[in-house]
Amino acid sequence: MTGIWKEEPYKAAKIICLCGVAILVLLVINIFIKSPSSEAGSPPPEQTRTLPASLYEITAYCPCELCCGEYADSLTASGELAEGFLVAAPSEIPFGTLLRIPGYNNGDPVPVLDRGGIIKGNRLDVFFQSHQEALNWGRQTLKVERLEKRLDK
Ligand SMILES: [Zn+2]
């Protein structure tokens, strides 16, 4: 035996004991720091949280008679004005639901505000102001994310 063990066994034991206490304190502090943050921090904020993405066949429309026939006006089925970025979805998806559709509104969430006779199952219709833009969109099959948060009214 050399060093501290030989010369000052009592001091050595005290140091080891203090180390043990310090480690315990650190562990306890760690648990206290970690538990609230892992509950509040790990799930992303509500605005960005999404349900599992699913594939939708997405067509496009505008307010013209070609696209809307007798419903050609500036109102959507939800009663909201047809302007900006909005989606017509099957009735399983409530009005105000926010969807993230790649390539539409820069991939930012858009609200479901409209319905359509042929919009059933995994089908969506994205709104454009002009018929040409709707034609440019064509028909695409894309992965759509549905946000848990709904449109604020
Ligand atoms: Zn049109």
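Reader: What makes β5 mostly covered in this predicted model?

Author: In this predicted model, β5 is described as mostly covered because four of its five residues are buried, where a residue counts as buried if 20 or more other C-beta atoms lie within 10 Å of its own.

Reader: How do you know that β2 and β5 pair, and which way do they run?

Author: Pairing requires at least two bridges between two strands, and two bridges join β2 to β5, so the requirement is met, with the strands running antiparallel. Within this pair of strands, A88 stands opposite D125 of β5.

Reader: Why is R146 called partly exposed?

Author: R146, which lies in strand β6 (residues 139–150), has 18 other C-beta atoms within 10 Å; because buried begins at 20 and exposed ends at 12, the value of 18 falls in between, and R146 is therefore partly exposed. The C-alpha atoms of R146 and R100 are separated by 6.4 Å, although these residues are 46 apart along the chain.

Reader: Which residues have the most contacts inside the largest nonpolar core, and which strands supply it?

Author: The largest nonpolar core has 24 residues, and those with the most contacts inside it are V87, L99, I101, V110, L124 and V126. At least two residues of this core come from each of β1 (50–61), β2 (87–88), β3 (97–100), β4 (110–114) and β5 (123–127), and β1 gives the most, with four residues.

Reader: What does V126 touch, leaving aside residues up to four places away in sequence?

Author: With those sequence neighbours not counted, V126 touches I58, A60, V87, I101, Y104 and W137, where a contact means C-beta atoms within 7 Å.

Notes: Residues are numbered from 1 along each chain as its sequence is written. This is a predicted model: local features need pLDDT of at least 70, side-chain atom pairs count only at pLDDT 80 or more; totals for chains, interfaces and linings use all residues. A nonpolar core is a set of buried Ala, Val, Leu, Ile, Met, Phe, Trp, Tyr and Cys residues joined through C-beta atoms within 7 Å. Two residues are in contact if their C-beta atoms, placed from the backbone, lie within 7 Å.
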